[in-house]
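User: I should like to learn how to read charged contacts and cysteine contacts in a model. Please take me through them step by step.

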Amino acid sequence: MEPSIDSREYRVVFFCPTSSAQLEHIEAPVRRVLTRISAPPAELAPLEAAGTLGEAGWRVYLVRSMTERSAAHALAAHVTEAAAAISTELDTEVLGLYVDVGSDSARICRCMPEENPETFSGQRRNVLDRTAEWLDINPAHLSALFQLALDADEEVDAEDRFVETKLREARAFMQRYRQSR
């Protein structure tokens with residue numbers, strides 16, 4: 001059985017030029033990749049970045065899991081493939097960013113139609129700096145966006161957090177019980 005992975009520990013975002021960033025054209029290639037890799041269902045949620053990215057001509061979309069299993073975690077190894085598919089669909093440059101919050105690691109890829117993707121991975125700060133360079137924005141503005149991506153999943157209310165906590169406790173209890181038999 002696959003271990004349950006908290007969807008808030010992983011982030012996948014795509015940066016698309018504002019001029020061609022129509023959600024339905026971005027969702028289709030991502031959905032195809034998710035289906036091909038048997039990932040949990042997800043939706044793309046537009047992140048309304050404060051001014052800078054919009055002024056620089058970029059729209060940002062967060063992959064948001066629709067189940068307890070993390071679609072972002074499943075998509076981690078396929079971010080470049082998904083970004084390349086979006087780039088081909090839109091016929092323009094697209095960046096795909098994957099961040100593992102728990103291990104402070106990240107990977108960014110820049111895809112252009114009919115060109116090989118350019119990727120960079122490492123610690124989150126270094127990857128966010130490279131992302132800001134590719135987007136031609138101040139790294140501080142990208143950090144603010146990253147915090148927005150973290151906060152986007154914090155919309156869960158207290159009752160949902162209570163239920164999630166009890167489910168985790170029950171899973172841990174069941175695992176201890178099975179191991180003791």
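User: Is Glu93 buried or exposed?

Analyst: This is a predicted model, in which local features need pLDDT of at least 70 and side-chain atom pairs count only at pLDDT 80 or more, whereas totals for chains, interfaces and linings use all residues. Residues are numbered from 1 along each chain as its sequence is written, and side-chain values use heavy atoms, with hydrogens and water left out. Buried means under 20% relative accessible area, exposed over 50%, and partly exposed in between (1.4 Å probe, protein chains only). Glu93 has 18% relative accessibility and therefore counts as buried.

User: Which residue forms a salt bridge with Glu93?

Analyst: A salt bridge is a side-chain nitrogen of Lys or Arg within 4 Å of a carboxyl oxygen of Asp or Glu. Here the partner is Arg110, with the closest N and O atoms 3.9 Å apart. Helices (H or I, at least four residues) and strands (E, at least two) are DSSP runs, numbered from the N terminus. Arg110 belongs to strand β5 (residues 105-111) and Glu93 to the loop between α4 and β4 (94-100), so the salt bridge ties together parts that are 17 residues apart in sequence. Salt bridges with shared partners join Glu93, Arg110 and Glu118 into one network. Arg110 is partly exposed, at a relative accessible area of 22%.

User: How many salt bridges does a search of the whole structure find?

Analyst: The search finds eight. Among them is the pair Arg36 and Glu81, whose closest N and O atoms are 2.5 Å apart. This pair links distant parts of the chain, as Arg36 is in helix α1 and Glu81 in helix α4 (residues 79-90), 45 residues apart. Glu81 counts as partly exposed because its relative accessibility is 32%.

User: Where do Glu27 and Arg31 lie?

Analyst: Both are in helix α1 (residues 23-36), four residues apart, about one turn of the helix. They form a salt bridge with the closest N and O atoms 4.0 Å apart. Arg31, at 44% relative accessibility, counts as partly exposed.

User: How many disulfides does the structure hold?

Analyst: A disulfide is a covalent bond between the sulfur atoms of two cysteines. The criterion is a pair of cysteine sulfur atoms within 2.5 Å, and the structure holds zero disulfides.

User: Why does Cys109 have no bond to the closest cysteine sulfur?

Analyst: The closest cysteine sulfur, in Cys111, is 4.2 Å from that of Cys109, which is too far for a bond. Cys109 counts as buried, at 1% relative accessibility. Cys16 is also buried, with a relative accessible area of 0%.
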